[in-house]
Amino acid sequence: MSKKNKKSPIRPARPPRRKPDGVKDTSIKKPAVPKDEPGKGEGLPDIIEALTSGAGTSPLFGESDDAHAPNPADIPQVLPVLAVRDIVVFNYMILPLFVGREKSVKAVDEALSGDRYILILTQKDESVEDPDPDDLYMTGTVGMIMRMLKMPDGRLKVLVQGLARAKVKRFTQNDPFHIAELEPILEPETGDLTPEQEALIRSSREQSERILSLRGISSQDIMSVLNNVSEPGRLADLIASNLRMKVKAAQKILECLEPMKRLELVNDQLLKEVEVASMQNKIQTMAKEGMDKAQRDFYLREQIKAIKRELGDDSDDSEEMEELKKGITASGMPKDVMKEAFKQLRRLESMHAESSEATVIRTYLDWMIELPWKKTSRDRLDIKKAETILNEDHYDLEKVKERILEYLSVRKLNPKMKGPILCFVGPPGVGKTSLGRSIARSLGRKFHRMSLGGMRDEAEIRGHRRTYIGAMPGRIVQAIKQCGTRNPVIMLDEIDKLGSDFRGDPSSALLEVLDPEQNYSFTDHYLNVPFDLSKVMFICTANMLDSIPGPLMDRMEVIRIPGYTEQEKTVITRRFIIPRQIRENGLADDELAISDKLAAKVIREYTREAGLRNVEREIGTLCRKMARKKAEGEKGPFKITAKNLYVLLGPPRFLEDEKEPTLPPGVAVGLAWTPVGGEILHIEVTTMPGKGKLTLTGKLGDVMKESAQAALSIARTRADEYGIDPNFAEERDIHVHVPAGATPKDGPSAGVTLVTALISALTDTPVSPDLAMTGEISLRGRVLPVGGVKEKILAAVSRGMKKVLIPAQNKKDLAEIPDELRRKITIKTVEKVDEIWPLAKAE
């Protein structure tokens, strides 16, 4: 139970008007007390009404106060205790309290059954519902219950008057209510006032009058009461009882027994209140001035509207301007951006509605309003659920999934982190684009895909300047608007296929977009104001990295997605491709059955790729043929077997026996990496009588030509070791050819194969047909590491190779090779050229 001291700072209370017993007490206004807070009183007596109805004649404040003050000897030494919350009761203070707690009700009943005295103590913590003696301050005020009224809900409304300070000696009873043994505290005599004391009293009165003036309260009657109080202690209690103070500060004043010291404490509180009241008055004055200006502007606008109506130029423009103004205000733009928007709005208001420039500005403002300056999607930070979503949408790709879950984990711990810039690199059909959509779904964000293939105009990224009709923002800003949030997942597809011409270089424009240290203030040429892209998660895709500029590559975190093994393709086909094609072709799930064995046969004999696009096409062909049967009236379910597979898809395109059972001398099988996955490469070398001329054909690049020169030098320096005629360089011409001459071929991984084919031709010894190899060579005979090891091994397995040679420094890459793939092929590592020939020659 308590009452907050939050009325006017100086408010002395009036005495209650006496009424006969049985008459309803209407002198106490019902305070607004929530019903869920029993025992907590609200409201102080109306001081102004009290003063105007008899100020100066009350026995509480007049000259005869001492005659009616209680004698401390008349106050009982043992009294029931009433615990109050959020208020400290002072002497001479009259206030209504609502009593609802059981102990408090019983304490009031006990006081009313006797001489109506009760000890009022303040709780240290107002949240305690049933306070113990330790929860109460030991210094309080002895009060007299002047009126009591029972409420319909069981609570009591009592009017109490503070009489004298008292200090608790000990509690004699805690149940069913508190009873305390107390010691009344006498008010010490002050005697004649010194000049310093008189100055303090006057200062307190002046500060009180100033506060009343700032609050807009008539101070004449109140100040007459304060001027009639000459005792410092009584003046301090009178002012303190109506000041807005915290409980600790009020309790400190109550416990101060020396009158002048108490008045000093009250004076300090008055100074603080003067500062607060002055600031509040200043704020109110500023608000009033702003309101006056708004009213003046409204009046002028109404006059402008009236003038336009008289001129016949009254249209819906005013309503449109108001809508634009409201839209700008509600859009959440930063201050600088909003300033620019209102500047353009003022320009629009001064233009004719049909002018071309007005159309440009109106379109500009529409873009500014519709952009999500503050709206964001709430990230789904449930790591387990996000992992489940990623596993539902994609099989394998553990490295990518782990990176996304790491981002989510950090985002959960640090909500202010910037969005990552990821780049998925891999052959077509491995799921790069669909993976981006799955990431957006796992994060709970909007997704937008933007194709960059063939883009040559820088304005596609940065937007067009507003110098002509039809200018538009760049595709980045357009994507943000379409998503409707400032933190979507934006996929920049085919970033390796960007072009450039006289219109600019889009890859250079992307440097700002994809740099977390710059994109927080990305400026589109059309908007001409900064927009924060730091919350956007950018995901780029590429088939190869060679065509991506170095500075742009430096801003991205590259994650390679190699091709799939036959087993992985079979699982993906069963879980994703077959159900999707069945639905897309109008079949029911139980109307078509394709076994894993049959799916593997389709993969093996009708496709040869790193991804799954051709697999989906072949499965789609089977579903379409079954859909035709269903449309012609044939009943399902339809089953595809190995016998009718060739009827439906035709003869196999790739056969297991394509691999030659034996190789002639001078032929070796190499492994190459391409943007669409790994490939095998036959290198053919033949010798003929001549003068040592080296001929290279097959549209080889400079790197492969240099590798052929290095291979020839190694063969000449090691001729004795391999049993080669030392004079072959003067007596024989050498021709190196790589089939498929229309296809350009280049790269640093053919050196090992060239050396092997050259030694095979010069020694007339065939190379093992089950062996494929990759690696670069140096003139010192070292085998240097290469890239794309997983893709190359996948190509070797798909062509039926049994063994593969790789550089020893690529042994670390074997960790990415699935176990089921390693079981199908023997992988040998070589460190020097001398180790190759014993492993390569046919047994």
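## Helix packing and a kinked helix: worked exercises

Helix H4 (residues 195–215) and helix H5 (residues 220–228) pack with their axes 11 Å apart, at an angle of about 165 degrees. The model is predicted, with local features requiring pLDDT of at least 70 and side-chain atom pairs counting only at pLDDT 80 or more, while totals for chains, interfaces and linings use all residues. Residues are numbered from 1 along each chain as its sequence is written, and side-chain values use heavy atoms, with hydrogens and water left out.

**Exercise 1.** Classify the direction of H4 against H5, and describe their contact.

*Solution.* Because angles over 145 degrees count as roughly antiparallel, H4 is roughly antiparallel to H5. The contact (heavy atoms within 4.5 Å) is made by Arg 205, Ser 208, Glu 209 and Leu 212 of H4, together with Ile 222, Met 223, Leu 226 and Asn 227 of H5. Sorted by class, this contact of H4 with H5 has 4 nonpolar, 2 polar and 2 charged residues.

**Exercise 2.** Locate the kink in helix H19, and state what the buried residues of H19 pack against.

*Solution.* Helix H19 (residues 566–584) has a kink of about 50 degrees, centred on Thr 573, where the bend is the angle between axes fitted to the seven residues ending at a residue and the seven starting there. Thr 573 is itself among the buried residues of H19 (under 20% relative accessible area, 1.4 Å probe, protein chains only), which also include Ile 572 and Phe 576. The buried residues of H19 pack against helix H12 (383–393), strand E14 (592–593), helix H20 (596–606) and helix H21 (613–631). Just after H19, Gly 586 takes a positive phi of about 75 degrees.

Methods: Axes are lines fitted to C-alpha atoms, for helices over the stretch in contact, and angles run from 0 to 180 degrees between N-to-C directions. Helices (H or I, at least four residues) and strands (E, at least two) are DSSP runs, numbered from the N terminus. Angles under 35 degrees count as roughly parallel, over 145 as roughly antiparallel, 65 to 115 as roughly perpendicular and the rest as oblique. Ala, Val, Leu, Ile, Met, Phe, Trp, Tyr, Cys and Pro count as nonpolar, Asp, Glu, Lys and Arg as charged, and the others, Gly among them, as polar. Buried means under 20% relative accessible area, exposed over 50%, partly exposed in between (1.4 Å probe, protein chains only).
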